[in-house]
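Okay, thanks for making time, everyone. I'd like to walk you through one chain today, so have a look at the screen and I'll talk you around it.

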Amino acid sequence: MNDPATTEIYTLSLHDALPILSFPQGATIQEGGAVDRRCFVVFDGLVELSDDESTVTCGPGGAFGDAGSYGRALPATAVARTQVRTFVIPSLVMASLAARNPELALRLASAATESTSSIAG
């Protein structure tokens, strides 16, 4: 999705199909240790993902949440470091995306895994 035209098409498609949630600076988006069957894709702003040992920042285009945990407890707490807007993709929608477009689903899952890999281990 590094091609600007492709990115624009995916963004327009996601924008039309998925809810966008806004979070004020300092808001907890997801709590580490909880099970939350949603994947969040950052539309704009910065999200800090942290556990007791490390912290990473996730910006526009980054993903976190269930796409990387597959229904297990989330490894990190996600906090809005700035005003944040995210697309929200329920796990069932992720499964449907994977069935129809494995490449897109793999990219979202990879982004979420990369965002939390330094947190989880």
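So, Ser-50: which residue is its bridge partner in strand 7? That would be Thr-77. One thing to say right away is that we're looking at a predicted model, so please hear everything that follows with that in mind.

The Ser-50 and Thr-77 pairing belongs to a set of four bridges between strand 4, residues 47-50, and strand 7, residues 77-80, and those two strands run antiparallel. Zoom out a bit and you get an open sheet of four strands, in the order 2-7-4-5, paired antiparallel. At the edges stand strand 2, that's 28-30, and strand 5, 55-58, and each has a single partner strand, so one side of each is left without a neighbour in the sheet. If you're wondering about twist, neighbouring strands here are turned by 30° against each other on average, ignoring direction.

While we're at strand 4, let me point out a salt bridge. Glu-48 pairs up with Arg-81, and their closest N and O atoms are 3.2 Å apart. Arg-81 sits in the loop between strand 7 and strand 8, while Glu-48 is in strand 4, so to speak a link between distant parts of the chain, 33 residues apart. How covered are the two partners? Arg-81 has 36% relative accessibility, which makes it partly exposed, and Glu-48, at 21%, is partly exposed as well.

Okay, on to strand 8, residues 84-90. How many of its seven residues are buried? Five of them, and that's why I'd call this strand mostly covered.

Who does strand 8 pair with? On one hand there's strand 1, residues 20-23, running antiparallel to strand 8 with four bridges joining them. Phe-23 has Val-84 as its bridge partner there. On the other hand there's strand 3, residues 38-44, also antiparallel to strand 8, over six bridges. In that pairing, Cys-39 stands opposite Ile-89.

Now, a residue I like in this strand: Thr-86, which lies in strand 8. Buried or exposed? Buried, with a relative accessible area of 0%. Look at who touches it. Leaving out neighbours within four places in sequence, Thr-86 contacts Pro-19, Ile-20, Leu-21 and Phe-23, and then Phe-40, Val-41, Val-42 and Phe-43.

Strand 8 also gives us another salt bridge, between Arg-85 and Asp-44, with the closest N and O atoms 2.9 Å apart. Again the pair links distant parts of the chain, Arg-85 being in strand 8 and Asp-44 in strand 3, 41 residues apart. Arg-85 comes out at 30% relative accessibility, so it's partly exposed, and Asp-44 is partly exposed too, at 26%.

How many salt bridges does the structure hold? Three, and the one I haven't shown you yet is Asp-36 with Arg-38, where the closest N and O atoms are 2.7 Å apart. Asp-36 counts as buried, since its relative accessibility is 15% and the cut-off for buried is under 20%. Arg-38 is partly exposed, at 29%.

Next, the aromatics. There are three aromatic pairs by count. The one to look at is Phe-40 with Phe-64: stacked, 5.3 Å centre to centre, with 5° between the planes. Phe-40 is in strand 3 and Phe-64 is in strand 6, residues 63-65, so this pair ties together parts that are 24 residues apart in sequence. Both of those phenylalanines are buried. Add Phe-23 and you have one aromatic cluster: Phe-23, Phe-40 and Phe-64. You've met two of these already, by the way, because Phe-23 and Phe-40 are among the contacts of Thr-86.

Last stop, and a change of scenery: helix 4, residues 102-120, which is where Leu-106 has its place. Is Leu-106 buried or exposed? Exposed, with a relative accessible area of 57%. And where does Met-94 lie relative to Leu-106? They're twelve residues apart in sequence and 9.7 Å apart in space, going C-alpha to C-alpha.

That's my tour, so let's open it up for discussion.

Conventions. Residues numbered from 1 in each chain as written. Predicted model: local features only at pLDDT ≥ 70, side-chain atom pairs only at ≥ 80, totals over all residues. Heavy atoms only, no water. Pairing = 2+ DSSP bridges. Axes fitted to C-alpha atoms, helices over the stretch in contact; angles between N-to-C directions. Buried < 20%, exposed > 50% of the residue type's maximum accessible area, 1.4 Å probe, protein only. Contact = heavy atoms within 4.5 Å. Phe/Tyr/Trp six-rings, centres within 6.5 Å; stacked < 30°, edge-to-face > 60°. Salt bridge = Lys/Arg side-chain N within 4 Å of Asp/Glu carboxyl O.
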